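Please find below some notes on the structure you sent round, set out point by point so that each can be checked against the coordinates.

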Amino acid sequence: MSPGQLDQLPFGVVGIEQSGLVAIYNATESRLAGLDAQSVIGVPFFEAIAQCMNNFMVAQRFEDESELDEIIPYVLTLRMRPTRVRLRLLAASNQPLNFILIER
């Protein structure tokens, strides 16, 4: 999917390298989170951008599971009032990026 197509999706898309750095941050997530994509790309996602996901429910799952496709209810709490969302966590051992899809 091209960056332009990713930006047209109605939900947030975050692509994270195995090292934890943000590689993809679509326009929807940028708008809803209030963060400019260019300031997020290349930054450690769980440590600097979404500390509220740096726990066993999200970040640890990517460390523990090489294959992951799960939707979980979640509450985002960083930089905004608590917001109920659904997260889809995607990881595949043969892919360079892990993904978090965020539906608000």
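The points that follow go from the overall fold to the sheet, the core and a few single residues.

1. Overall fold. The model is a predicted one, and its secondary structure comes to five helices and five strands. Read from the start of the sequence, these elements follow the pattern α-β-β-α-α-α-α-β-β-β.

2. Dimensions. The C-alpha atoms fill a box of roughly 30 × 30 × 20 Å along the principal axes. The radius of gyration is 13 Å, and because a compact globule of 104 residues would have a value near 13 Å, the two agree. Of the 104 residues, 40% count as buried, and among the contacts with a separation of 6 or more, 39% are between residues 24 or more positions apart.

3. The sheet. Five strands make up an open sheet in the order β2-β1-β5-β4-β3, with antiparallel pairing. The edges are taken by β2 (22–25) and β3 (68–76), each of which has a single partner strand, so one side of each is left without a neighbour in the sheet. Neighbouring strands are turned against each other by 20 degrees on average, when direction is ignored.

4. Strand pairings. At one end of the order, strand β1 (residues 12–17) is joined to β2 by three bridges in the antiparallel sense, and within this pairing Gly-15 has Ile-24 of β2 as its bridge partner. Nine bridges join β3 to β4, again antiparallel, with Leu-68 standing opposite Ala-91 in β4. Strand β4 also pairs with β5 (residues 97–103) over five antiparallel bridges, and here Leu-87 stands opposite Ile-102 in β5. The connection from β4 to β5 is a hairpin through five residues.

5. The two faces of β4. Which side chains of strand β4 (residues 83–91) are buried, and which are not? The side chains alternate along the strand: Thr-83, Val-85, Leu-87, Leu-89 and Ala-91 point to one face and are buried, whereas Arg-84, Arg-86, Arg-88 and Leu-90 point to the other face and are not. Leu-90 is thus a leucine listed with three arginines on the face that is not buried, and a reader checking the alternation may wish to look at that position.

6. The nonpolar core. The largest nonpolar core has 27 residues, and those touching the most other members are Tyr-25, Phe-45, Phe-46, Met-53, Val-58, Leu-87 and Ile-100. At least two residues of this core come from each of β1, β2, α3 (37–40), α4 (45–49), α5 (59–64), β3, β4 and β5. For Leu-87, the contacts outside its neighbours within four places in sequence are Met-53, Val-58, Glu-70, Ile-71, Ile-72, Tyr-74, Ile-100, Leu-101 and Ile-102.

7. Aromatic residues. How many aromatic pairs does a search of the whole structure find? There are two. One of them is formed by Phe-45 and Phe-46, and this pair is edge-to-face, at 5.2 Å centre to centre and with 75 degrees between the planes. Ring pairs link Phe-45, Phe-46 and Phe-62 into a cluster. Phe-45 has a relative accessible area of 2% and Phe-46 one of 9%; as buried means under 20%, both count as buried.

8. Thr-28 and Val-43. Thr-28 lies in helix α2 (residues 27–33) and, at 4% relative accessibility, counts as buried. Apart from its neighbours within four places in sequence, Thr-28 is in contact with Asp-7, Leu-9, Pro-10, Phe-11 and Gly-12. Val-43 is found in the loop between α3 and α4, and touches Gly-20, Leu-21, Val-22, Ala-48 and Ile-49 when residues up to four places away in sequence are not counted. The C-alpha atoms of Val-43 and Gly-20, which are 23 residues apart along the chain, are separated by 8.1 Å.

9. Gly-4. Is Gly-4 in helix α1 (residues 3–8) buried or exposed? Its relative accessibility is 40%, and because the class between 20% and 50% is the intermediate one, Gly-4 counts as partly exposed. The C-alpha atoms of Gly-4 and Leu-90 are 86 residues apart along the chain and are separated by 21 Å.

Key
Residues numbered from 1 in each chain as written. Predicted model: local features only at pLDDT ≥ 70, side-chain atom pairs only at ≥ 80, totals over all residues. Heavy atoms only, no water. Buried < 20%, exposed > 50% of the residue type's maximum accessible area, 1.4 Å probe, protein only. Phe/Tyr/Trp six-rings, centres within 6.5 Å; stacked < 30°, edge-to-face > 60°. Pairing = 2+ DSSP bridges. Helix = DSSP H or I, 4+ residues; strand = E, 2+ residues; numbered from the N terminus. Axes fitted to C-alpha atoms, helices over the stretch in contact; angles between N-to-C directions. Contact = heavy atoms within 4.5 Å. Core = buried A, V, L, I, M, F, W, Y, C linked by side-chain atoms within 4.5 Å. Rg over C-alpha atoms; globule rule 2.2 N^0.38 Å.
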